[in-house]
Amino acid sequence: MEYILSPSILAADFARLGADAKEAVEGGAKWLHIDIMDGMFVPNISFGAPVMKSLRKVNDAFFDVHLMIERPERYIDDFLAAGADLICIHLEATEQAEAIAKKVHEAGKLFAIALKPATPAEAIAPYLSLCDMVLVMTVEPGFGGQKFMADMMPKVAAIKEMIRKSGKEIHIQVDGGITLENLSVATEAGANVIVAGSSVFKPGLIEQNAAAFMEAFKGL
Ligand code: DX5
Ligand code: ZN
């Protein structure tokens, strides 16, 4: 599958969110990763659907929305209305994965499930057929700028094998601590959608950093 860069705007300067996001797209990113944190499922609070809706008005990228919220079923309509192209929920946060997948697919959008580091690969098996993408967290969700957990790579490889057996085309995303240096560790394990927050959104270097990832993809 093709490699996709999804820069996480959590690491952008929120006072200049539109401009920062534009720079990432100018560097070649087709997706933007939108981290929604509720202060409950994770200890941090980021921003909500109204902020995303404003960004939607000025940016045409594919919005990859990572919902780190308890009982995400409460907010699916809001994020679809605010312009999500993909909705990713955490398996640990809901018992409504099937119903959410149905709603997202009926809206013509992509559905994904994320797994925290402690959640094993096997947990996704009953839900794999619902998914357009599986997100394997490579940090404990809640904060940007943490260290990449290389020990999640066997989980990526196990999910890759499940996907191969299923015969479906399903993306595998990795999120947390990805840099140009460890990128190939994740792609060799089977990931093709790469989230990068702090390694892209450095003031004055955003376009250049995104472009460097796009260039690195060519060498993989
Ligand atoms: C962590 C978020 C990540 C984070 C990635 O909870 O889900 O998307 O923004 O940021 P970096 O790339 O800085 O680890
Ligand atoms: Zn994320």
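**Surroundings of ligand 1 in the predicted model**

In this predicted model, an oxygen atom of ligand 1 lies 2.6 Å from an N or O atom in the side chain of Asp 175. A side chain is also involved at Ser 8, where an N or O atom is found 2.9 Å from an oxygen atom of the ligand. The backbone takes part at Gly 197, a polar backbone atom of which is 2.8 Å from an oxygen atom of ligand 1. Of the 380 Å² of accessible area that ligand 1 has on its own, 99% is covered by the protein.

The shell around ligand 1 comprises 20 residues. Asp 175 is among the closest of these, together with Asp 35, Gly 142, Gly 177 and Ser 198. By residue class, the shell contains eight nonpolar, 10 polar and two charged residues.

The space that ligand 1 takes is the largest pocket. With regard to secondary structure, two or more residues of the shell around the ligand come from each of strand S2 (31–37), strand S3 (62–68) and strand S8 (193–196). The greatest contribution to this shell is made by S2, which supplies three residues.

The largest pocket itself encloses about 260 Å³ of space. Its lining consists of 25 residues, and those closest to the pocket centre are Gly 144, Gly 145, Asp 175, Gly 176 and Gly 177. Asp 175 and Gly 177 thus appear both among the residues closest to ligand 1 and among those closest to the centre of the pocket. S2, S3 and S8 are the elements that give two or more residues to the lining. In composition, the lining divides into 11 nonpolar, 12 polar and two charged residues.

Note on methods: Residues numbered from 1 in each chain as written. Chains lettered and ligands numbered in written order. Predicted model: local features only at pLDDT ≥ 70, side-chain atom pairs only at ≥ 80, totals over all residues. Heavy atoms only, no water. Near = heavy atom within 4 Å. Polar contact = N/O pair within 3.5 Å; in protein donor to acceptor, adjacent residues only side chain to side chain. Areas by Shrake-Rupley, 256 points an atom, 1.4 Å probe, with all protein chains shown as cover. 1 Å grid on protein atoms, 1.4 Å probe; cavity = no way out; pocket = protein on both sides within 12 Å on 5 of 7 lines; lining within 4 Å. Sits in = over half its atoms within 2 Å of the grid points. Helix = DSSP H or I, 4+ residues; strand = E, 2+ residues; numbered from the N terminus. Nonpolar A, V, L, I, M, F, W, Y, C, P; charged D, E, K, R; others polar. Points joined across faces, edges and corners; volume = space filled by probe spheres on them.
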